[in-house]
Amino acid sequence: MGWFDDTRGMRDKQQKRQTPILFLVTAPLVVRDAALSDVEDLKRINNAKASAVHRDRIRDAHESYIRYLVLEQRGTISGYCVLVFRRPPSWSDTADGEHLPQVVDLYIEPEQRERGLGTFFLRQLESIVVNAGKNRLFIAVDPVGNPRAHALYLRLGYAPLEREPHRVHWHFVDSDGESHEGCDWSLTLRSSNLST
Ligand SMILES: CC(C)(COP(=O)(O)OP(=O)(O)OC[C@H]1O[C@@H](n2cnc3c(N)ncnc32)[C@H](O)[C@@H]1OP(=O)(O)O)[C@@H](O)C(=O)NCCC(=O)NCCS
């Protein structure tokens, strides 16, 4: 759990106007493992993702391949992500043991973006990784299709491992039998040394 300054955006604007800060409110933010009872809430923040995908991630977390984590603010889920320690058997790249642990599908509810939640979430993931005895964290992003996420990771100290993004074809079948596939440009980034 951490304390999140919910008035940061407001204070930024006040500082630009050079007016005094009148009051501060803090809101506790919690990063915790997702449970099956969260699936409806996860659908609420991203309707495009099938319920079975959330359920399968919670199943894979029970098998210790991954952690499926949610960011909760005042008891309401605002984001989620997969922290991958081993790629689950159902993933098309299951044999790939490189660039782990890796953050996959970091997502903040659209209405809650640009308030520092993504930064907070990623910093909490880094603490989890350090507590698990690792000193690096990896994340992949399409720098052309998703320039703001790319810029955010660079700002947080992540460095690209390659000069150019490469094409990644992925596919999997969820536990409802629905097939998911895609082809993305991907650049792998690595955190700075987290234990220093
Ligand atoms: C990428 C993502 C997770 C970032 O989450 P976020 O909560 O918006 O991240 P932050 O608020 O910490 O930072 C985002 C930006 O807002 C700015 N910001 C943060 N707090 C702010 C505040 N209080 N006031 C104004 N701006 C603020 C940051 O400077 C940053 O600016 P930048 O984009 O120019 O670098 C989110 O946009 C998202 O879910 N996108 C869709 C899914 C996705 O693309 N995921 C990444 C896959 S690799």
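Analyst: The expected span of a helix is 1.5 Å times one less than its number of residues. Keep that handy, and keep in mind that this model is predicted.

User: OK, how many Å should the 15 residues of α4 span?

Analyst: Take one off the 15 residues of α4 and allow 1.5 Å for each that is left. The C-alpha atoms at the two ends of α4 sit 21 Å apart in the model, and that agrees with the expected figure. So the span α4 should have is 21 Å.

User: How confident is the predictor on average, going by the mean pLDDT of the chain?

Analyst: In this chain, 86% of the residues reach a pLDDT of 70 or more. Residues 13–24 are another story, since pLDDT stays under 50 there and the model gives them four contacts beyond four places in sequence. For the chain, the mean pLDDT is 90.

User: How many helices and strands does the chain have?

Analyst: Let's walk along the sequence: the pattern reads β-α-β-α-α-β-β-β-α-β-α-β-β-β. Count up each letter and you get the totals: five helices and nine strands.

User: Which residue is the bridge partner of Gln102 in β6?

Analyst: Start with the neighbours of β5. On one side, β4 pairs with β5 in the antiparallel sense over five bridges, and Val84 has Gln102 as its bridge partner there. β5 also runs parallel to β6, joined to β6 by two bridges, and in β6 the partner of Gln102 is Phe138.

User: Is the crossover from β5 to β6 right-handed or left-handed?

Analyst: β5 and β6 run parallel. The chain gets from β5 to β6 by way of α4, making a β-α-β crossover. Its hand is right-handed.

User: Which residues of β6 point to one face and are buried?

Analyst: Side chains alternate along β6, with Phe138 and Ala140 pointing to the other face, where they are not buried. Ala140 stands opposite Thr188 in β9, a strand that runs antiparallel to β6 and is joined to β6 by four bridges. That leaves the buried pair, Ile139 and Val141.

User: Which residue stands opposite Ile139 in β6?

Analyst: Leaving aside residues up to four places away in sequence, Ile139 touches Gln102, Val103, Tyr153, Tyr158 and Leu189. One of those contacts also faces Ile139 across the strands, and that residue is Val103.

User: Which residues touch the most other members of the largest nonpolar core?

Analyst: Nonpolar side chains tend to be buried together in soluble globular proteins. Here the largest nonpolar core holds 29 residues. Among the elements giving two or more residues to this core are β5, α4, β6 and β9. The members that touch the most others are Leu69, Cys81, Leu83, Val103, Phe121, Leu125 and Ile139.

User: Is Phe120 buried or exposed?

Analyst: Phe120 is found in helix α4. A residue needs 20 or more other C-beta atoms within 10 Å to pass the cut-off, and Phe120 has 21. Therefore, Phe120 is buried.

User: And how far apart in space are Phe120 and Val31, C-alpha to C-alpha?

Analyst: In sequence, Phe120 and Val31 are 89 residues apart. Contacts across the chain do span long stretches: of those with a separation of 6 or more, 59% link residues 24 or more positions apart. In space, the C-alpha to C-alpha distance between Phe120 and Val31 is 9.6 Å.

Note on methods
Residues numbered from 1 in each chain as written. Predicted model: local features only at pLDDT ≥ 70, side-chain atom pairs only at ≥ 80, totals over all residues. Core = buried A, V, L, I, M, F, W, Y, C linked by C-beta atoms within 7 Å. Buried ≥ 20, exposed ≤ 12 C-beta atoms within 10 Å, placed from the backbone. Contact = placed C-beta atoms within 7 Å. pLDDT = per-residue confidence, 0-100. Pairing = 2+ DSSP bridges. Right-handed = clockwise from strand over helix to strand, strands pointing away.
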